[in-house]
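This briefing is intended for a reader who has the sequence and the coordinates at hand. Please keep both open while going through the points below.

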Amino acid sequence: MPLRRDEGVRRPSGFRAARGLAGVVLVLGAASAVGTGLRVESVRGGAVREAAERGVNTTVEVVVKGEGRVSDKGVVIVEGRAVWVGLGDGMRVRTPVVVLARQEGWREVESGQRVRTRGRLAVPDRGELLGAVVLARGGPQVVGEAGTALRAAAAVRDAMREAVRGLEPGARGVVPAMVLGDTAGIGAELKEEFKRSGLVHCLVVSGANFSILVLVVLWAARRAGLGNLLGAVLAGAVVLGFVLVVGTEPSVLRATVMGLIGLTAVCLGRERQGVPALAAAVVVLVLGDPGLARSYGFALSVLATSGLLVLAPRWRDRLSGAGLSRRSAEAIAIPLAAQAAVGPVLVLLSGTVSLVAVPANVLAAPAIAVATVCGFLTAAVAPFFPGLATLTVRPAGWAAGWVISVARAFAAVPYGSVPWQQGLLGALLLVVLTTALVAAVRHRAPRRLIAAALAGLAVAALGLRLTAPAWPPRDWRLIACSYFPIKSSCCPRGCCEEGEHVGFSMACPLGGGGGGDCGWSPAVGELGGS
């Protein structure tokens, strides 16, 4: 007899779940492909891209998206949307562009303004969802002001900058950065110290800012007797207003959508679940703006949040079980989980692994919370009560001063970051090593072995630091040449005047004149020595 399927036997629930998950993935993949295709066609198939491919010099009107930022090379970068180009008799367009300029006036443009400039249109880097890069030849001419909401946001930023004028120089730049993401007042040296110490995330608006803001608003609403529903609605309005002030950076967008999903759950009386909210936020944002899929800032934000939601609670419980208090365990687990999650992406970016980021974040965390809360209060009152703002910003300045001290102390730690294999291979190697370490520390014998190895490495690093000769040695000059392209080595005698003793720590360039084959420039100065 032929075998027949027993209709009373049902397939396992796991199979149905897998089938449903596969269906969702296929639908989202198709939607993402369609959205990406439409976006790519809109930026690459228009008149602006055609003009960029020909390198046309023309007049462009751009609606600014966010304030201009300055690169390490002094170039002002302004993102926006081209709405008119002077091609032919002039035509209306709607194409995302980036303006690159060296004129100081570009630093003063504000979000929402419509500015006119003349420049050359160039093709952006491959993979950028931009119609063109505008190489501006002159300053911006404002031909249209921003809307009321954006002008109000600019007034908040200006009032905040005015309120911090009485603080110490370092805190004067760090407080607006921690609260509003405004890094205009931070010098290159201080920013580098924050990078080396693993505290650079303090200088951008992230989910931590939103979490603190939402908690403060919900707490105030409950104290006022407004209830969960009105408190959540009020918190949502405050979050949207905050986004207007700080701009739409990738981490801001992720935190905004995730926060609004969580507040919706509060309004509906449902349990807030972090991982589904994060997944929903990522799906919504990537479908709306496919360019976020290749944004390092967005990836770091999502991975850090994933580490806090998935790894931090488990590691906190294990540390608590090992004898630490719950508060101490949480203070260690949060930065440890975030660093473990973002480490592979940081390796892709810098090719280094930080050894001081976790202790630096543990020491800085209490001050970060104080600076953020007092900074929010200052930003809220500064446009209306400037005198009161100078008082409320004082605790934020003290807290920021502590964070700066921590950043400088850990940035100066010898071998605080170690070189690592850059690229995908290095990232995968770090993932494997991190996973192996997490698995090993669960058992007593490997845990003791790892602790002994780390102690030995610390002693070796300290000994090397104390016994290694200083650089540059006495009576040596360190000369860096100023022309490119470079080659890997050159003869020091060919680059030096007679009688000098020169040590090179970097390559000398080809061509250019001067002594020998190095083409060196004697105007670069010297370090140390006599």
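The points that follow are grouped by topic.

The structure is a predicted model. The protein comprises 16 helices and 11 strands, and 35% of its 530 residues count as buried. The structure contains eight salt bridges and zero disulfides.

**Overall architecture**

- Among contacts in the protein with a separation of 6 or more, 66% are between residues 24 or more positions apart.
- The protein exposes about 30,300 Å², and carbon and sulfur atoms supply 62% of that area.

**Cysteines**

- No cysteine pair is joined, as the structure holds zero disulfides.
- Cys202 has a relative accessible area of 5% and is therefore buried, the cut-off being under 20%.
- Cys374 is likewise buried, with a relative accessible area of 17%.

**A salt bridge between two strands**

- Glu61 and Arg114 form a salt bridge through their side chains, with an N to O distance of 2.6 Å.
- This pair links distant parts of the chain: Glu61 belongs to strand 1 (residues 57-64) and Arg114 to strand 5 (residues 114-122), the two being 53 residues apart.
- Glu61 is buried, with a relative accessible area of 6%, whereas Arg114 is partly exposed at 26% relative accessibility.

**Helix 3: a salt bridge and a distant neighbor in sequence**

- The side chains of Arg161 and Asp158 form a salt bridge in which the closest N and O atoms are 3.3 Å apart.
- Both residues lie in helix 3 (residues 148-163), where a spacing of three residues places them about one turn of the helix apart.
- Arg161 is partly exposed at 28% relative accessibility, and Asp158 is partly exposed with a relative accessible area of 38%.
- Ala152 also lies in helix 3; its relative accessibility is 42%, so Ala152 counts as partly exposed.
- Between Ala152 and Pro383 the C-alpha to C-alpha distance is 9.2 Å, although the two are 231 residues apart in sequence.

**A salt-bridge network**

- Arg316 and Asp317 form a salt bridge, with 3.3 Å between the closest N and O atoms.
- Salt bridges with shared partners join Arg316, Asp317, Arg326 and Glu330 into one network.
- Within this network, Arg316 is buried at a relative accessible area of 16%, while Asp317 is partly exposed at 43%.

**Helix 5 and its packing**

- Helix 5 (residues 188-197) has as its buried residues Leu190, Glu193, Phe194 and Ser197.
- Viewed down the axis of helix 5, these buried residues fall within an arc of 100 degrees, so they line one face of the helix.
- The buried residues of helix 5 pack against three other helices, namely helix 4 (169-180), helix 12 (357-381) and helix 13 (386-411).
- Gly198, just after helix 5, takes a positive phi of about 80 degrees.

**Strand 4 and its two partners**

- Strand 4 (residues 91-101) pairs with strand 3 (residues 76-85) in the antiparallel sense, over nine bridges.
- Val85 has Met91, in strand 4, as its bridge partner.
- Five residues lie between the strands in the hairpin of strand 3 and strand 4, and Gly88 in this hairpin has a positive phi near 65 degrees.
- Strand 4 is also joined to strand 6 (residues 132-136) by four bridges, and these two strands run parallel.
- Val99 has Val134, in strand 6, as its bridge partner.
- Strand 4 thus takes part in an antiparallel pairing with strand 3 and a parallel pairing with strand 6.

**Points to locate in the viewer**

- For the salt bridge that links distant parts of the chain, select Glu61 in strand 1 and Arg114 in strand 5.
- For the salt bridge within helix 3, select Arg161 and Asp158.
- For the salt-bridge network, select Arg316, Asp317, Arg326 and Glu330.
- For the packing of helix 5, display its buried residues together with helix 4, helix 12 and helix 13.

Note on methods:
Residues numbered from 1 in each chain as written. Predicted model: local features only at pLDDT ≥ 70, side-chain atom pairs only at ≥ 80, totals over all residues. Heavy atoms only, no water. Disulfide = S-S within 2.5 Å. Buried < 20%, exposed > 50% of the residue type's maximum accessible area, 1.4 Å probe, protein only. Salt bridge = Lys/Arg side-chain N within 4 Å of Asp/Glu carboxyl O. Contact = heavy atoms within 4.5 Å. Areas by Shrake-Rupley, 256 points an atom, 1.4 Å probe, with all protein chains shown as cover. Arc of directions from axis to C-beta. Pairing = 2+ DSSP bridges.
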